[in-house]
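Okay, let's get going. I've got one chain to walk you through today, so have a look at it on the screen and then I'll talk.

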Amino acid sequence: MNAETLIAMVSIFTAGLTMGLGAIGPALGEGRAVAQALLAIAQQPDEANTITRTLFVGLAMVESTAIYCFVISMILLFANPYWDHFLSTGP
């Protein structure tokens, strides 16, 4: 196994791990937030508009974590800075 193959393997593994963990965390957080919001709306139906608005802002903030993980995975797969360094120094 040469260094180029090792860099490719580590990049692909890290991208997959990043997406896996980056999807699990926000999914659990969003599920919990929606459950609590529905409970709050059931207890206080008059405040449904305020709770819904706050829920959507919170969901957007939680979802941004997954988007950041997706961007990092795409950088690792398609614009990895180690490839340029490895190719410039030569094998």
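So, how many helices and how many strands does the chain have? There are 3 helices and 0 strands, and from the N terminus on the order is α-α-α. Helices here are DSSP runs of H or I with at least four residues, strands are runs of E with at least two, and both are numbered from the N terminus.

Quick housekeeping. This is a predicted model, with residues numbered from 1 along each chain as its sequence is written. Local features need pLDDT of at least 70, side-chain atom pairs count only at pLDDT 80 or more, totals for chains, interfaces and linings use all residues, and side-chain values use heavy atoms, with hydrogens and water left out.

On confidence: pLDDT is the predictor's own confidence in each residue, on a scale from 0 to 100. The chain averages 91, and 98% of the residues score at least 70. Confidence is highest in α2, at a mean of 94, and lowest in α3, residues 81-89, at 79.

Now the overall shape. The C-alpha atoms fill a box of roughly 65 × 20 × 10 Å along the principal axes. The radius of gyration is 20 Å, where a compact globule of 91 residues would come in near 12 Å. That radius is taken over C-alpha atoms, and the globule rule is 2.2 Å times the number of residues to the power 0.38. Buried residues make up 18% of the 91; buried means under 20% relative accessible area, exposed means over 50%, and partly exposed is in between, with a 1.4 Å probe and protein chains only. About 6600 Å² of the chain is exposed, and carbon and sulfur atoms supply 71% of that. The areas come from Shrake-Rupley with a 1.4 Å probe, and for residues only the protein chains shown count as cover.

On to the two helices I want to spend time on. α1 has 41 residues and reaches 60 Å from its first C-alpha to its last, close to the expected 60 Å. α2, residues 48-78, has 31 residues and reaches 44 Å, close to the expected 45 Å. The expected span is 1.5 Å times one less than the number of residues.

What do the buried residues of α2 pack against? They pack against α1, residues 3-43, and among them are Leu55, Leu59, Ala66, Cys69 and Ser73. Going the other way, α2 is part of what covers the buried residues of α1, which include Ser11, Ala15, Thr18 and Gly22. As a reminder, an α-helix has 3.6 residues a turn, so residues three or four places apart point the same way.

Contacts, by the way, mean heavy atoms within 4.5 Å. Of the contacts in the chain with a separation of 6 or more, 76% are between residues 24 or more positions apart.

Let's zoom in on serine 73, in α2. Is it buried or exposed? Serine 73 counts as buried because its relative accessible area is 1%. Leaving aside neighbours within four places in sequence, serine 73 is in contact with Ala15, Thr18 and Met19. Serine 73 and alanine 15 are 58 residues apart in sequence, yet 4.4 Å apart C-alpha to C-alpha.

Serine 11, over in α1, is buried too, because its relative accessibility is 8%. With the same four-place neighbours left out, serine 11 is in contact with Leu76, Leu77 and Asn80. Threonine 14, also in α1, counts as partly exposed because its relative accessibility is 30%.

Last bit: the UniProt record. The unreviewed entry places "transmembrane region" at residues 6-28 and 55-79. In the model, residues 6-28 are 100% helix with end C-alpha atoms 33 Å apart, while residues 55-79 are 96% helix with ends 35 Å apart. UniProt also lists "domain: V-ATPase proteolipid subunit C-like" at residues 13-76, again unreviewed. That span is 94% helix, and its end C-alpha atoms lie 10 Å apart. UniProt positions are given in the numbering used here, feature names are shortened, and annotations may be inferred rather than shown by experiment.
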